[in-house]
Amino acid sequence: MERKIPKCMSTQHPDNVNTPFFAENPELGGEDEITEAYYVFSHLGCDEQMWDCEGKEVDDYVVKKLLSRYESFFREKVIGKDVFITLRVPNPTVEKDEAKILIETLESIPRSFDTAKIFYEHEIPPIFEVILPMTTSVKCLNRIYWYYRDFVVGKQHMKFRNEDVTIAEWIGEFKPGFINVIPLFEDWEHILNADTILREYVSDKNVPYLRVFFARSDPAMNYGLISAVMLVKIALQRAYKLSEELGIEIYPIIGVGSAPFRGNMKPSTVERVVKEYPSVQTFTIQSAFKYDNNPEDVREAVKKLLSRNRGLPHEVNEEKVIELMKRYTRTYKEQLRSLAGIINEIAKYVPKRRKRKLHTGLFGYSREVEGLKLPRVITFTAALYSIGIPPEILGLNAFSKDDLRFIKTIYINFEDDLADALKYVDFENELLPEELRSFLKDFEFTSDDASQEHVKISRFVRERLERKSEVGIQDAILRMGHLRRFLG
């Protein structure tokens, strides 16, 4: 059976302002996420749900619960054939405190296979791919691949003492026999080194295709908006060349959120984002996309994603782009450092949207600037918007007019994405670096009633922080999120 490669991956990223209609609490919990998986398949039309296994209270019975609660739907839409559950597992190399959750998660895959086999009366694995975050080497991927094959599945051939039966004879076979491991690359070095890692990974395996996941949010936080876009562009170009070299299809996934800083993926911008990354197979649909927009608009946008065909990646002059990125990122980090204190202060008031801890992620900046710690990227983005300094603008004064003309030939939505952020800038903000304020005056953007209200509320938040008063801050953050249609 030829594998269908999904195009629209629903995720559990908590960037939404509104609470989903099916949730009893603004912070979605385990049972809510079961309902969410059904909802995105049945009502929104997504063909993949990323199931996050990093954190507490992970539900390893997602397949069993979906099949038992929504039997009629999943009789028609087969999990593993028509719609897909893809697990994001902890990376033991980085997340030591969650390492053993990986073992529990991998052990649950054969159990889900047995459940689906009974339900469908045929053998189609409901789960056969896992996403490995913070991939930094081929060893990270191989440990997952071989552990599953040799220890989870391989133990079925072992016998008990005294020549008793094998484990498979005792409790049944373990299937599927192997799983696909999808590397998620999140930092500068390893996004640019992804093709090398992939080449080594396939060297001793007979794989019919590869899926590779490129982050867009964490690189933006670590290195600035422009660098995040350019890193992905280079990686996509290199992945395409590797595919040609190996004769293996490589299907990229990109993690895009609703804020321009995190990808600008909203129902109204789907066609723009697709044009920005034409060689991407799978785009993420995060929580703000699903819950902060009209459901009919969401469904239409998902249809557009499902109906598209992949194209060729944009050509990138890598040497010139990397030189620009380095210069820009230095300026971005300098400006970020001056804002770190107020970002951390306001982060305390940004509401949570998921009960369990999500992906811990890499944060390169904290490693490079000693003593500087910042919140996760959704909270970080929300905090900066809430004080009238959208993160998209930081560092832009590093560029000359010639630089910008060159950037726009590669980052084709640059002006549109920047205009979407600029209308929320408070140009009278005393925290805005003066050189940046002067630089931004040359850009044209259209303000509206919502953005004017947003600027007004951001001034209220700064005034409250200055007076060291908590009253009204969280409500103000939520009101601004409603105006933007994303939290962070």
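The legends below describe close-up views of a predicted model.

**View 1. The strands of the barrel.** Eight strands form a closed barrel in the order β1-β2-β3-β4-β5-β6-β7-β8, and their pairing is parallel. From one strand to the next, the twist averages 30 degrees. Within the barrel, strand β6 (residues 209-215) pairs with strand β7 (residues 249-255) in the parallel sense, over seven bridges. V212 has P252 of β7 as its bridge partner.

**View 2. Helix α10 and the residue after it.** Helix α10 covers residues 225-246, a run of 22 residues. The expected span at 1.5 Å a residue is 32 Å, and the end C-alpha atoms are 32 Å apart, so the two values agree. Of the 22 residues in α10, 16 are buried, and the helix is thus mostly covered. G247 follows α10 and has a positive phi, near 70 degrees.

**View 3. The salt bridge between E276 and K233.** The side chains of E276 and K233 form a salt bridge with an N to O distance of 2.6 Å. E276 belongs to helix α11 (residues 270-276) and K233 to helix α10; the pair links distant parts of the chain, 43 residues apart. E276 has a relative accessibility of 3% and therefore counts as buried. K233 is likewise buried, because its relative accessible area is 3%, and buried means under 20%.

**View 4. The salt bridge between E123 and K175.** The whole structure contains 41 salt bridges, and one of them joins E123 to K175, with the closest N and O atoms 3.0 Å apart. E123 is in the loop between α4 (99-120) and β4 (129-132), while K175 is in the loop between α6 (167-171) and β5 (180-185), so the salt bridge ties together parts that are 52 residues apart in sequence. With 40% relative accessibility, E123 counts as partly exposed. K175 is also partly exposed, at a relative accessible area of 23%.

**View 5. The salt bridge between K423 and D448.** K423 and D448 form a salt bridge in which the closest N and O atoms are 3.9 Å apart. The loop between α18 (414-422) and α19 (434-440) holds K423, and the loop between α19 and α20 (449-466) holds D448, so the pair ties together parts that are 25 residues apart in sequence. D448 counts as partly exposed because its relative accessibility is 31%.

**View 6. S458 and a salt-bridge network.** S458 is located in helix α20. Its relative accessible area is 0%, so S458 is buried. Apart from neighbours within four places in sequence, S458 is in contact with Y385, S386, I387, G388, D426 and M480. One of these residues, D426, also takes part in a network of salt bridges that links D426, E428, E430, R459 and R462.

**View 7. The packing of α1 against α2.** Two packed helices are described by the angle between their axes and the distance between the axes. For helix α1 (residues 30-44) and helix α2 (residues 62-69), the angle is about 65 degrees and the axes are 10 Å apart. The crossing of α1 past α2 is right-handed. On the α1 side, the contact is made by E31, I34, A37 and Y38. On the α2 side, the contact is made by V62, K65, L66 and R69.

Key. Residues are numbered from 1 along each chain as its sequence is written. This is a predicted model: local features need pLDDT of at least 70, side-chain atom pairs count only at pLDDT 80 or more; totals for chains, interfaces and linings use all residues. Side-chain values use heavy atoms; hydrogens and water are left out. Helices (H or I, at least four residues) and strands (E, at least two) are DSSP runs, numbered from the N terminus. The expected span of a helix is 1.5 Å times one less than its number of residues. Buried means under 20% relative accessible area, exposed over 50%, partly exposed in between (1.4 Å probe, protein chains only). A salt bridge is a side-chain nitrogen of Lys or Arg within 4 Å of a carboxyl oxygen of Asp or Glu. Two strands pair if DSSP finds at least two bridges between them. Axes are lines fitted to C-alpha atoms, for helices over the stretch in contact, and angles run from 0 to 180 degrees between N-to-C directions. Contact means heavy atoms within 4.5 Å. A crossing is left-handed if the near helix is turned anticlockwise from the far one by less than a right angle, and right-handed if clockwise.
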